[in-house]
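The following exercises concern aromatic rings, strands and a nonpolar core. Work through each task before reading its solution.

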Amino acid sequence: MSDSPNPHTIRDRILSHKGALTAHEVADLFNVSCRTVHKHAKDGVMPSFRIGDSVRFDPLVLADWYEGQQFGLPPSRRAVRGRP
């Protein structure tokens, strides 16, 4: 048995992306529609940023947010967990 993390976890799949993720890529990772991703981003439920009219997702921030969802962290700590 290996001590390395499972490369097939959602967190590892998020972190394997180079550069910002698109809404379509996030939707594929979480098996939801792009509309759901856009709604959560717009409502501030899911951490995101905008470049012009496009919404993008920082893989590290999104992975931390996802982990916070799993462990039930309060919203104020979700996107900044593990960061100074």
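**Exercise 1.** Determine which residues form one aromatic cluster, and classify each ring pair.

*Solution.*
Step 1. The model is a predicted one, in which local features need pLDDT of at least 70 and side-chain atom pairs count only at pLDDT 80 or more, while totals for chains, interfaces and linings use all residues. Residues are numbered from 1 along each chain as its sequence is written, and side-chain values use heavy atoms, with hydrogens and water left out.

Step 2. Rings of Phe, Tyr and Trp (its six-membered ring) pair if their centres lie within 6.5 Å; planes under 30 degrees apart are stacked, over 60 edge-to-face, and the rest tilted.

Step 3. Searching the whole structure gives two aromatic pairs. For F30 and W65 the centres are 6.1 Å apart and the planes stand at 75°, so this pair is edge-to-face. It links distant parts of the chain, since F30 lies in helix 2 (residues 23-30) and W65 in helix 4 (residues 59-71), 35 residues apart. Helices (H or I, at least four residues) and strands (E, at least two) are DSSP runs, numbered from the N terminus.

Step 4. F30 and Y66 form a tilted pair, with 5.6 Å from centre to centre and 35° between the planes. Here, too, helix 2 is linked to helix 4, with F30 and Y66 36 residues apart.

Step 5. F30, W65 and Y66 therefore form one aromatic cluster. F30 and W65 are both buried (under 20% relative accessible area; exposed is over 50%, partly exposed in between; 1.4 Å probe, protein chains only). Y66 is buried as well.

**Exercise 2.** State in which order the three strands form the open sheet, and which strands stand at the edges.

*Solution.*
Step 1. Two strands pair if DSSP finds at least two bridges between them.

Step 2. The order is 1-3-2, with antiparallel pairing. Strand 1 (21-22) and strand 2 (49-51) are at the edges; each has a single partner strand, so one side of each lacks a neighbour in the sheet.

Step 3. Strand 1 pairs with strand 3 (residues 54-57) over two bridges, and T22 stands opposite R56 in strand 3.

**Exercise 3.** Identify which helix supplies the largest share of the largest nonpolar core.

*Solution.*
Step 1. A nonpolar core is a set of buried Ala, Val, Leu, Ile, Met, Phe, Trp, Tyr and Cys residues joined through side-chain atoms within 4.5 Å.

Step 2. The largest such core has 16 residues, and F30 and F57 are among those with the most contacts inside it.

Step 3. Helix 2 supplies the largest share, five residues.
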